[in-house]
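Here are some short exercises to work through at your own pace. Have the viewer open and try each task before reading its solution.

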Amino acid sequence: MSFLLSSRSGHLCFNGNRVLKQHTDGLFPSDQFCDGDLSIPSTDQNILTISQCFLDLFINPMGMMQEKRSKGKKWLYSTVEIEREFGGAIQIENQEHSSKDPLPTSLNQTRGWHLFTMHTLHRFFWKDFDCIRGSRKLEETNDYHWWLENSSGDMIDLAEEQYRAAKIPKLRDQGKRLKPLGHRYSATSRTMAHRITEVLSSHHYDASVIDQYANAYMKR
């Protein structure tokens with residue numbers, strides 16, 4: 001039977017039911033990720049642990065981020081806040097002013113995080129899970145929804161809540177398997193994944209050993 005891993009109000013949910021908060025600090029050996037290979041077995045426990053770490057590090061403390069642009073998409077969630085928080089490993093061009101929601105408990109707390117979440121978790125579980133893009137755009141952002149899914153129909157969609165708040169009930173209908181996106185999201189996910197591995201292994205190492213570019217880590 002397939003499962004859906006999502007979140008509600010900052011808490012992990014398995015098939016809609018809240019699960020116990022996962023412990024994440026120091027669970028892996030200190031040298032687990034030092035060679036830059038972040039792939040780990042897609043066990044239930046590993047998926048819950050990585051997802052909990054992502055919630056704790058990024059979505060819960062940072063809340064909703066948004067960048068207003070004069071052209072193109074009305075709202076595009078930016079890497080600016082992540083860069084400020086975790087260092088200068090992300091190269092950002094032509095960014096305008098960004099802001100974040102001061103209320104992390106907002107109903108749209110996960111809004112804008114679907115691409116960051118999908119790309120970051122894919123670095124750990126790419127051997128089993130694919131990047132999936134939905135067929136329906138959210139009108140306000142003119143953007144598609146993304147999540148991870150394997151051949152058994154198991155889905156990891158930590159940002160599902162933002163679409164439920166927008167009353168889009170069939171956001172995952174007719175999903176299409178695609179490759180990870182390019183430099184902007186690849187560089188950001190590398191930085192975010194590196195921070196997760198440091199928490200999991202309680203070890204600091206050079207982030208440059210992790211593949212930066214889209215698809216590079218899938219060729220190991």
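The exercises below deal with backbone angles and aromatic rings.

This is a predicted model, in which local features need pLDDT of at least 70 and side-chain atom pairs count only at pLDDT 80 or more, while totals for chains, interfaces and linings use all residues. Residues are numbered from 1 along each chain as its sequence is written, and side-chain values use heavy atoms, with hydrogens and water left out.

**Exercise 1.** Find where Asn15 sits and work out its phi.

Solution. Start with the background: most residues other than glycine have a negative phi. Next, locate Asn15 in the loop between β2 (11–14) and β3 (17–18); strands are DSSP runs of E, at least two residues long, and helices are runs of H or I, at least four, each numbered from the N terminus. Finally, read the angle: phi of Asn15 is near 55 degrees, a positive value.

**Exercise 2.** Classify the ring pair of Phe33 and Phe124.

Solution. Rings of Phe, Tyr and Trp (its six-membered ring) pair if their centres lie within 6.5 Å; planes under 30 degrees apart are stacked, over 60 edge-to-face, and the rest tilted. A search of the whole structure gives nine such pairs. For Phe33 and Phe124, the centres are 6.2 Å apart and the planes at 90 degrees, so this pair is edge-to-face. Now look along the chain: Phe33 is in the loop between β3 and α1 (44–62), and Phe124 is in helix α3 (residues 114–125), 91 residues apart.
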